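Hi everyone, thanks for making time. Please have a look at the structure on the screen before I start talking.

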Amino acid sequence: MATATAKKTTSKKTSAKKPTRRYSPAAQKDVETEMKAMKKGQLKSGRSGKKVTDPKQAIAIGLSKARKEGKKVPPPKG
């Protein structure tokens with residue numbers, strides 16, 4: 001009768017990797033600035049000059065400005 005010897009495998013604890021940052025802190029600052037301007041009622045749309053009231057549009061304007069300044073922001077969708 002053959003005896004089966006089981007090897008003990010030592011499992012190393014894998015540390016969870018932090019996900020890489022999508023937006024730079026400087027880009028986040030730009031978005032924050034645009035959101036504050038929208039809440040004060042000072043943010044205007046580019047072409048028509050209408051007042052921006054949608055938070056998503058304010059974020060898009062902030063990210064667009066960050067892209068123009070060369071900050072770390074992923075390319076726009078679509």
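I'll go through the helices, then how they pack, then the core. This is a predicted model, so to speak of local features we need pLDDT of at least 70, and side-chain atom pairs count only at pLDDT 80 or more, while totals for chains, interfaces and linings use all residues. Numbering starts from 1 along each chain as its sequence is written, and side-chain values use heavy atoms, with hydrogens and water left out.

Okay, the protein has two helices and zero strands; helices here are DSSP runs of H or I with at least four residues, strands are E runs with at least two, numbered from the N terminus.

How do α1 and α2 pack? Their angle is about 140°, and the axes sit 8 Å apart; axes are lines fitted to C-alpha atoms over the stretch in contact, and angles run from 0 to 180 degrees between N-to-C directions. That makes α1 oblique to α2, since oblique is what remains outside under 35 degrees (roughly parallel), over 145 (roughly antiparallel) and 65 to 115 (roughly perpendicular). Among the residues that meet, α1 has V31 and M35, and α2 has I61 and L63; contact means heavy atoms within 4.5 Å.

Now the core. The largest nonpolar core has twelve residues, including A27, M38, L43 and V73. Such a core is a set of buried Ala, Val, Leu, Ile, Met, Phe, Trp, Tyr and Cys residues joined through side-chain atoms within 4.5 Å, buried being under 20% relative accessible area with a 1.4 Å probe, protein chains only. α1 gives the largest share, five residues.

Lastly, buried residues make up 22% of the 78 in the protein.

Terms used. Buried < 20%, exposed > 50% of the residue type's maximum accessible area, 1.4 Å probe, protein only.
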